[in-house]
Amino acid sequence: MSFPVPPEVAFDYLADPHHRADWQSSLARVEDVDGEPRVGQTWVDVTKPGLRPDMRTTELDRPHRWTETGTWRGISATLTLVFTATPTGCDVEPTMVLRGRGVLGPVARVLGLAAPYAVRGDLRHAAGRLTP
């Protein structure tokens with residue numbers, strides 16, 4: 001996904017949970033943000049359907065790579081964003097992995113098929129918000 005800003009700007013925007021509800025379509029809001037972006041930072045995503053996954057930053061290499069993991073009941077989701085400078089700004093490449101335990105395994109596999117499309121749509125929205 002192309003962003004019209006340098007990798008540092010895109011990284012700082014996307015890695016900060018305070019901005020999440022501005023660009024992530026499934027979120028109503030974010031709560032209980034634990035400090036500034038860093039490995040180990042935690043927060044709660046409050047989704048529009050009412051789910052409340054616990055989130056954690058697990059990797060932060062500004063402005064190159066950022067990873068979060070969210071857990072809700074028996075499902076976990078890991079999102080990694082890789083940032084690459086381009087002549088017009090940067091590219092942000094997402095990788096999303098969903099896992100489910102027990103009976104939620106098949107549910108996670110089905111959600112995992114749709115997740116890349118949702119993530120790309122959210123990143124398009126974020127790129128639009130950062131357009132000068």
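# Exercises on a predicted fold

Buried residues (under 20% relative accessible area, 1.4 Å probe, protein chains only) account for 37% of the 132 residues in the protein chain. The model is predicted: local features need pLDDT of at least 70, side-chain atom pairs count only at pLDDT 80 or more, and totals for chains, interfaces and linings use all residues. Residues are numbered from 1 along each chain as its sequence is written, and side-chain values use heavy atoms, without hydrogens and water.

**Exercise 1.** State which pattern the protein chain follows along the sequence.

*Solution.* Start with the elements: 3 helices and 7 strands. These are DSSP runs numbered from the N terminus (helices: H or I, at least four residues; strands: E, at least two). Now read along the sequence: β-α-α-β-β-β-β-β-β-α.

**Exercise 2.** Work out the strand order of the sheet and find its edge strands.

*Solution.* Strands pair if DSSP finds at least two bridges between them. The order is β1-β7-β6-β5-β4-β3-β2, in an open sheet with antiparallel pairing. The edges are β1 (2-3) and β2 (27-31), each paired on one side only. Next, take one pair: β6 (residues 75-86) and β7 (residues 89-100) are joined by 12 bridges. Within this pair, Leu-79 has Met-96 of β7 as its bridge partner.

**Exercise 3.** Compare the radius of gyration with that of a compact globule.

*Solution.* Use C-alpha atoms and the rule 2.2 Å times the number of residues to the power 0.38. For 132 residues, a compact globule would come near 14 Å. The protein chain has 14 Å, so the two agree. Finally, add the spans of the C-alpha trace along its principal axes: about 45 × 30 × 25 Å.

Key: Buried means under 20% relative accessible area, exposed over 50%, partly exposed in between (1.4 Å probe, protein chains only).
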